[in-house]
Amino acid sequence: MDYSGLFSSNMPLPVEMPVGLQADTKYVFSVTYADKGVFPTEGLIESLSKVIRNEGTTLSQYPPPQGHLGMRELIAGTLATQRGAPTNPESIFLSSGAGGAIGAILDVFIDPGDVVFLEEFSYLGTLKMLLERGADVRHVPTDENGMDTDALDRMIGEAIAEGAKPKMIYTISVYQNPMGVTLSYDRRRHMVEIAQKHGVPIFENESYADFRIDGDPLPPAMLGMDDTDSVMYVSAYTKLMGCGLRLGYGVVPDPVKESLQKIRFGGAPSHLAAMGVYQYLTDNREEYITDVASSLRDSRDAMLGALDRHFPSNTSWSKPDGGMMLWVELPEGADTLAALPAAVEADVKYNPGPVFRAERDCANFLRLTYSHNSPEEIGEGIEILADVFKREGLFG
Ligand SMILES: Cc1ncc(COP(=O)(O)O)c(C=O)c1O
């Protein structure tokens, strides 16, 4: 068969990713896997048997278009009590991970050339989806309080003045990926005002809201601060209950729901996964979240300690109070993209800074995740990584 003339001419634009990220290594500092140290194998088995006994026959049919109702009610309850954002299960749709909801929403918004505002560095999966769709991605300066909303306001004004079409403000507002920062309360208010003023919706990604380790309580979600349908929201249970379960969700206002219904609802994720997570979290949520936080605290502290011991004083890194990652800055001129193959060869992977930038620049930054390896392994892996960086000349 000759396939060469058969492929679609509408395929997404290719966006290159470093090949090393696909390699198998012992020390995985490049993926925010769920914490396997506290993975609730027995609890999940119990929950699955209980829920299959209660409602297993529903598996004989297709799930409801927006996904398991009990799960959506649980999400609505959690958003109201934990994130200050009361919402209706009818506005929620389950998806294959947060990524599934992000892709669906981008499909109904993004035309080539549309402007989208992101933090200074942003989650590589969404960035890739935006670049594949030909979006004009603009990174907004970001500091320890999250996206600089004065700069955002100015940049939206500039885009409008150029005649461009700003489509959304995409923000990872909690323990931001990759920088680890949380958008402050005042900036949340300001961002909602900006969205309303310019008619540009916020797309709020709270994938890490369940992972507070210590520090101040989180400010409420912007979803609950707005009463003009200006905020869309996405999150997932992948990082909490297992990436393999592929369970995420989106919350959208009615007009967006209507557009999504035309192209996407009906593709709810595995009903069995939703049933299992629903039952497990109904019975165990608080206790499990506390266990995960305590395990992540040990891993984070192991990574911070190892960096202190092995990285030189001309390097610096974030000290996050939640989430699963550290953001590291090396001296100007260091090339973390070029050094990745040598690290992989030494059994360690990490994310080079450029994968979080539309322009693929800022190679002297990297992201290190701490949710997969044990604290001991984290210590070993960071020591190996420091040796590789020293050998490759990244420490200057
Ligand atoms: C901010 C953010 N959004 C979305 C995702 C995609 O997650 P999922 O596996 O739930 O599709 C990730 C995964 O790392 C993420 O960090």
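This is a walk through the two sheets of the structure, the helices packed around them, the ligand shell and two backbone details. Please keep in mind that the model is predicted.

Let us start with the sheet of seven strands. This sheet is open, its order is β2-β10-β9-β8-β7-β3-β4, and the pairing is mixed. At its edges stand β2 (92–95) and β4 (136–140), each of which pairs on one side only. From one strand to the next, the twist averages 20°. If you would like a place to look at the pairing in detail, try the β2 end: four bridges join β2 to strand β10 (residues 248–251), and the two pair in the antiparallel sense. Within this pair, L94 stands opposite Y249 of β10.

Helices cover parts of this sheet. Helix α2 (residues 69–83) lies across β2 and β10, and its direction runs at about 115° to β2. Helix α4 (residues 124–132) also packs on the sheet, where it touches β3 (115–119), β4 and β7 (166–171). The direction of α4 makes about 145° with that of β4.

Next comes the ligand. Around it are 14 residues, and the closest are G97, A98, G99, A236 and T238. Which helix gives the most to the shell around the ligand? That is helix α3 (residues 97–109), with three residues. By class, the shell has five nonpolar residues, nine polar ones and no charged ones.

Helix α3 is worth following a little further, to its packing with helix α8 (residues 254–263). The axes of α3 and α8 are 10 Å apart, and the helices pack at an angle of about 100°. Angles of 65 to 115 degrees count as roughly perpendicular, so α3 and α8 are roughly perpendicular to each other. On the α3 side the contact involves A104, D107 and V108, which meet V256, S259, L260 and I263 in α8. Sorted by class, the residues of this contact are five nonpolar, one polar and one charged.

Now for the other sheet. Here five strands form an open sheet in the order β1-β13-β14-β12-β11, again with mixed pairing. The edges are β1 (27–29) and β11 (316–317); each has a single partner strand, so one side of each is left without a neighbour in the sheet. Further in, strand β12 (residues 325–329) and strand β14 (residues 365–369) run antiparallel and are joined by five bridges. In this pair V328 stands opposite L366 of β14.

Helix α10 (residues 336–345) lies across β13 (348–352) and β14, running at about 165° to β13. The same α10 also packs against α11, at an angle of about 130° and with the axes 10 Å apart. Why are these two helices called oblique to each other? An angle of about 130° falls outside the ranges for roughly parallel, roughly antiparallel and roughly perpendicular, so the pair counts as oblique. Their crossing is right-handed. The contact brings A339, A342 and A343 of α10 together with L385, V388 and F389 of α11. By class this contact has six nonpolar residues, with no polar and no charged ones.

Helix α11 (residues 375–391) has another partner in helix α9 (residues 271–310): their axes come within 9 Å and cross at roughly 30°. Because angles under 35 degrees count as roughly parallel, α9 and α11 are described as roughly parallel to each other. The crossing of α9 and α11 is right-handed. From α9 come D298, S299, A302, M303, A306, L307 and H310, and they meet P375, I378, G379, I382, E383 and A386 in α11. The classes in this contact are eight nonpolar, three polar and two charged residues.

Finally, two loops deserve a look at the backbone. In the loop between β7 and α6 (185–198) you will find P178, which is joined to N177 by a cis peptide bond with omega of about 15°. In the loop between α7 (238–241) and β10 sits R246. Although R246 is not a glycine, it has a positive phi of about 50°.

Methods: Residues numbered from 1 in each chain as written. Predicted model: local features only at pLDDT ≥ 70, side-chain atom pairs only at ≥ 80, totals over all residues. Pairing = 2+ DSSP bridges. Contact = placed C-beta atoms within 7 Å. Axes fitted to C-alpha atoms, helices over the stretch in contact; angles between N-to-C directions. Parallel < 35°, antiparallel > 145°, perpendicular 65-115°, else oblique. Left-handed = near helix turned anticlockwise from the far one by under 90°. Nonpolar A, V, L, I, M, F, W, Y, C, P; charged D, E, K, R; others polar. Near = placed C-beta within 6 Å.
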